[in-house]
Amino acid sequence: MSTHTLSRKQIAELQKDLDVIRDEVMSSLGARDAAHIRSMVKIARGSAIAGRGLLAFGFDPISFVLGVAALAHAKILENMEIGHNVLHGQYDWMNDPKLNSQDYDWDNVCDSGMWKHFHNYEHHTYTNILGKDRDYGYTILRLSPEQKWHPLYLLNPIANAVLALAFEWGVGGHDVQAERYFKGEMSFAQMQQRAKPFRRKIRKQLIKDYVLFPLLSFWNAPRVLLGNFLANLIRNLWAYTIIFCGHFPEGTKVFREEDCQNETRGDWYVRQMIGSANIKGSRWFHIMSGHLSHQIEHHLFPDMPAARYAEIAPKVEAVCRKYGLPYNNASIWRQYGTVLGKVLRHALPSSPAALKPATSGA
Amino acid sequence: MSSVLTAPRTSAFWRAGWLHPLNDRHALEEMLAGIDPLLSLGTVKARLVARQAETASCCSLRFKPNRWWRGFVAGQHLRLSVEIKGVRCERAYSLSTAPQADGCIEITVQRQAGGKVSSYLHDELPLGAVVELSQASGDFTPPTTLPAAGLLLIAAGSGITPMRGLLQTLHARGVAAPGSICLIQVCRSQQDCIYGQELDTLAAQWPALRLIRWYSAQQSRPEAAQLLALAPDHAQRLSYLCGPAGFMRNVESYWQSLPDAAPLHLERFGAAPLELAPDAPAVQVQLQRSGAGFASRRGAALLTEAERAGLAPAYGCRIGICRSCQCRKRSGTVQDLVTGTVSSEPNEWIRLCVSSAQSDLELDL
Ligand code: FES
């Protein structure tokens, strides 16, 4: 890879260093981790009940605002700290059928099977490899000069705003791979077939938030409907922000397919570290972001219980320092600000700095 | 997949997607358990009410099950699940009594060397704690009518546990013909003899029971022929066998060599996983759902070995991160190729792309 100057020997050492960090945590998993995820489930459930209750039985604007906030809180916690992490298999070791990656389904319009395919497999394996990681720009945004410019990218800022507002829908439809249909690589029937689980999940989510709960609240139906819509919207904006800060801020690297052939685990580790970015924040900020604010640690060890990332972060940072690799960690304002900068800048034609292939858009 | 322990309710209410999350069974179960740990929508749960030492390394646990327990017949077994250090572990145990008037059930647990669950049940599970159980199953049960030639029960070590239930049931039925039930109990020594005194007392007051003991510490490990010679009419008797895997193999193959022997009932639990002998070239992997099987070389990833055999299990990253290849291992020992961890836990999730077989395996694929 041309994105760093480590020798084969250094990469082998780095692999060992990181394996040690991983093994230490993985061999100490136990009651504490189980208690953490169970308490998260309880809190999210409590918020959901409170939120739906306030929306259904309240009359005043205050209970409406509180209801929306509680339901948004429930959805964010459930999607990020519970759903995302359980679907990664972070708690499979507990052997608890309620917290198992193969069976879990989340409160999100994205089908969990499709999610596991394009996220756990494609995105986490081919992280930031242009053309292979379909999460890089979500096939509609241009975020780096290495992506070929096209006049449609003039719409970058609009596409970005739409994706932010409708994030769960963007994610839900992601694995349908509609762009392949438009490029003529897939027939309409094939696309329909791919979309099946998505359609099933859409039905389930729409009925829940826009039919079942509104109907159950009789005269309050419009209020509940609106409240549910707003809660989904808030969750979308939050998830979008956190996730965009994971791989797109200034300083994160992108890679070419040919740079990543015959990778060792060490090479893979390096790519994960320099292709991801962390966000600084409090314990609750980390929890509400599903610990994706520790994106670097998450990408190194996607199946380590996320609540452990904070404790290994200093060690990972030390490894980066030891090998002269960047450890991209900044406030949400700085990270998101640079993402927005890229969205705007690369809407227009831009070209990679000469003679520096496969680096960031700097 | 739902747990082996939860009887899946398939009524339309629980399956209706449009009612979600109002019919989220897991959530409702958890909320009920928050009120009272014994409450559930169908899961059998039971409270530990007593623990009694049987020998130095063996104790009996008495549980009071909730209303979902459907009862049992002597000789059957159940699967018990406890959470140890955050990990849910399941083990099968024989019910060690006949059905009781107060509805309580009892199991007898032999402490295993390095056994996570048995040590936990001995030392840590507090009185009053609630565990999850499966319904009882198994056909190691007493015959409806006693054959004229009588019964022979052959037990070694903790293999005596289902036998006690059988004896209690037959005793309660009033079986009286002297010597019609013959029990051969193999134990290491008198101190290690589970239910020793209790069985002595029973045999003394109940002529139908003939009790034969073999102490392997004094008399050496018994050969099947030698042992069964103690009950010369064994071949005619309807027989029941339970004990360690090696012992059972020994008796079973002797039994097969007998001309016109009466039927032999066996009760075995997930036999202790066998380590692959260092020179063994390959092990056999059995796929339960598809019925297929393949040979796997030691140290090679199961995914590539399955593919080499022409099978096509699901996969994604092939480096252990995406879990597309994950499946349940029913039994056997595997090694994680990344961490080197060796594990024999039954019913655990493994990733085919980074696991290698260390013994014969059964997979839920
Ligand atoms: S194929 Fe991805 S974990 Fe095995």
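Let's start inside chain B: B:V285 has B:L361, in strand 19, as its bridge partner. Strands here are DSSP runs of E of at least two residues, while helices are H or I runs of at least four, both numbered from the N terminus. This is a predicted model, in which local features need pLDDT of at least 70, side-chain atom pairs count only at pLDDT 80 or more, and totals for chains, interfaces and linings use all residues. Residues are numbered from 1 along each chain as its sequence is written, chains are lettered from A and ligands numbered from 1 in the order in which they are written, and side-chain values use heavy atoms, leaving out hydrogens and water.

Zooming out a little, strand 12 (residues 282-287) and strand 19 (residues 361-364) of chain B run parallel, paired over three bridges; pairing takes at least two DSSP bridges. They belong to an open five-stranded sheet in chain B, ordered 13-12-19-14-17 with mixed pairing. At its edges sit strand 13 (293-297) and strand 17 (348-351) of chain B, each pairing on one side only. From one strand to the next, the twist averages 40 degrees, using lines fitted to C-alpha atoms and angles from 0 to 180 degrees between N-to-C directions.

Now over to chain A, which has 14 helices and two strands. Of its 362 residues, 58% are buried, meaning under 20% relative accessible area with a 1.4 Å probe, counting protein chains only. As for contacts between residues at least 6 apart in the sequence of chain A, 73% join residues at least 24 apart, a contact being heavy atoms within 4.5 Å.

Methods. Buried < 20%, exposed > 50% of the residue type's maximum accessible area, 1.4 Å probe, protein only.
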